[in-house]
Amino acid sequence: DTSAAKPTVARTTTAFDRQVPMRTFSPPTVSPPTMERLSGTAPPADASAAASLAPATNALDDPPTVGPPTVGPPPMARASATAPSADASSASSSALATSALYDPPTVGPPPVESTTAAPEDASAAAISASGRHRLYRVSLRWLADRRTWATAVFICCVVGIGTWLSIEQDRFMLVAYRSNVQRFADTYGLNLAEQLRSAVGTTLAVGALAKVEGDALTEANFDLLANRLLRFYPGIGELQFSPYGVIKFTHSYSGESTPPGLSLFHHQLLASGARATIRAYPGRLATTPGPQEVVGGGDLAVIIRHPIFTTAAPRILPLNETQTGGATLGPNDQELGCATEEEAEANCYFPGPDEDGETRTHFYAFATALSLVTKLLEPVGLERLTDQGYEWQPRVPENWHPSINETHGVFATSSNSLVNVTLIDPVVVNVTVGEIGIQWVFSVSPRGGWAQGDDSFTIQLVYVAVFTFIGGMGMGCATVAGVRANYKLSQPNA
């Protein structure tokens, strides 16, 4: 019965509305194309979906009637107005499905992507400012670990010990090297002193002959003796015999000798040295004025003078006041200074030691050995030092001759250095020959400064230092990395 069914539906709807408030759904706006499909003027987008949906909609609403479909809100909207939805999620999905059936896809420009990039790590994006500060503090906690500082101390100790060992090794090698050079210098210094003593020996031999022969000594006898002495004692360039200070006989190994007739007591540069040599005897067998320039030439020479005293010599020098060997005074000469008796006693009276303890002796002559510096140093073998890479310089430390003022007492040098250049931090040997009053200084230093060890040892030392440093740093970095990893694992929020 149709009349009985309708009141029942009305009562059911009224009771439902009174008991449960319903959510109001706004019907979707139907675009013109959708209206055409619903009215039957145009086929729906999906005919099968529309056909399956129509019976379900009619079953929920009124009984089926014969006639054209009524245009109204979507079936879901009508159903929601008359009956509550059993599940909100199913209603939402059904509404979306219905909207997909009734609304066609909107054709338009593609959606604009947001310029704000999404964070790559959601957990990192969720950390706030306070969280980041906490993470920073946690990441530095490994610095407070004892293992980290113990490793740092170990690395510092390894590097420090390696550096100290390197410095000590260099110092030890430098001390050992200087000791070796000092031994070389001592050896050559002794050779130089022996060479000077040999020169003194030649003058003593001439003096012994002069004491025996006296004024009877002939030039032939002197040449015979001098020739043998020069052959036996290399390094001596010339021997002279000078009675009363005037050169009478000379013999040179090279054939070039000082011309005779020069009076030492009349020469301005030689007079004071000659008197000092006489007065120093017998405390000194001979004296060595200089090295100095040779008279008449610019070469430096070492002059060793030995005074000879005999009982036959006169008490006062038998020299003319204004003449030198029968000639008048030259531009470099001076008066003898023995014109009066008082002057003679002061300047021309030279007593000697008593012979046999009874007979007084007086100055008679000089026996002189003269040698150029280069000739004197040849037997010493100093050029071997030059070949081994060393520089050397003999010099007079004080009271040197005026002719070597410019070089401050240096009278010779190696072939690879200059006379007026001071050696850098040399080893020093004192060359002392007390019997002739020589006190020289012999200096030696390596060319280019002191080398600290040979190249091979230096390379090995560098390798040891480098690999020690690398090994210590590698172990330290591994320890620090392990400590940091442990702390990072112990902090879940880090």
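A residue counts as buried when its relative accessible area is under 20%. Ser445 comes in at 2% relative accessibility, so Ser445 is buried by that rule. This serine sits in strand β10, which covers residues 438-446. What does Ser445 touch, once residues up to four places away in sequence are set aside? The list is Tyr390, Glu391, Leu423, Ile424, Pro426 and Trp450. All of this comes from a predicted model, and the same goes for everything that follows.

Another serine makes a handy companion. Ser417 is found in the loop between β8 (390-395) and β9 (427-433). Its relative accessibility is 15%, and because the cut-off for buried is under 20%, Ser417 counts as buried too. Ser417 and Thr386 are 31 residues apart in sequence, and their C-alpha atoms are 9.8 Å apart in space.

Stepping back to the whole chain, the protein has 494 residues, and 32% of them are buried. The fold is built with 14 helices and 10 strands. Among contacts in the protein with a separation of 6 or more, 67% are between residues 24 or more positions apart. The accessible surface adds up to about 29,900 Å², and carbon and sulfur atoms own 59% of that.

Helix α9 is a good place to see how a helix can have two faces. It runs over residues 219-232, which makes 14 residues. From its first C-alpha to its last, α9 reaches 20 Å, close to the 20 Å expected at 1.5 Å a residue. Which residues of α9 are buried? They are Phe222, Ala226, Leu229 and Leu230. These four cover an arc of only 95 degrees around the axis, and that is why they end up on the same side of α9. The cover over these buried residues includes α8 (146-213), β1 (238-243) and β2 (249-252). And what about the face of α9 turned away from its buried side? That face carries the exposed residues Ala220, Arg228, Arg231 and Phe232. So a phenylalanine turns up in both sets: Phe222 is among the buried residues, while Phe232 is among the exposed ones.

The surface has a nonpolar patch as well. It measures about 600 Å² and is made by Val159, Val462, Val466, Phe467, Phe469, Ile470 and Met473. Helix α14 (residues 455-490) gives the most to this patch, with 6 residues. One of the patch residues, Val462, lies in helix α14. Val462 has 44% relative accessibility, so it counts as partly exposed.

Next come the charged pairs. How many salt bridges are there? The count comes to 6. One of them joins Glu194 to Arg197, with the closest N and O atoms 3.5 Å apart. The two residues are 3 residues apart in helix α8, which means that about one helical turn separates them. Glu194 is partly exposed at 46% relative accessibility, and Arg197 is partly exposed at 31%. This pair also has company: Glu194, Arg197 and Glu435 are linked in a network of salt bridges.

A second salt bridge brings together the side chains of Arg315 and Glu345, at 2.7 Å from N to O. Arg315 is in the loop between β4 (300-310) and β5 (323-324), whereas Glu345 is in helix α11 (residues 341-347), so this pair ties together parts that are 30 residues apart in sequence. Both ends are partly accessible: Arg315 counts as partly exposed at 41% relative accessibility, and Glu345 is partly exposed with a relative accessible area of 31%.

A further salt bridge is formed by Arg360 and Asp354, and here the closest N and O atoms are 3.5 Å apart. Arg360 is partly exposed, with a relative accessible area of 43%. Asp354, at 38% relative accessibility, is partly exposed as well.

Notes:
Residues are numbered from 1 along each chain as its sequence is written. This is a predicted model: local features need pLDDT of at least 70, side-chain atom pairs count only at pLDDT 80 or more; totals for chains, interfaces and linings use all residues. Side-chain values use heavy atoms; hydrogens and water are left out. The expected span of a helix is 1.5 Å times one less than its number of residues. Buried means under 20% relative accessible area, exposed over 50%, partly exposed in between (1.4 Å probe, protein chains only). The arc is that of the directions from the helix axis to the C-beta atoms. Contact means heavy atoms within 4.5 Å. Patches are made of residues with over 30% relative accessible area and no salt bridge: like charges are joined within 9 Å, nonpolar side chains (Val, Leu, Ile, Met, Phe, Trp, Tyr) within 5 Å. Accessible areas come from the Shrake-Rupley method with a 1.4 Å probe; for residues, only the protein chains shown count as cover. A salt bridge is a side-chain nitrogen of Lys or Arg within 4 Å of a carboxyl oxygen of Asp or Glu.
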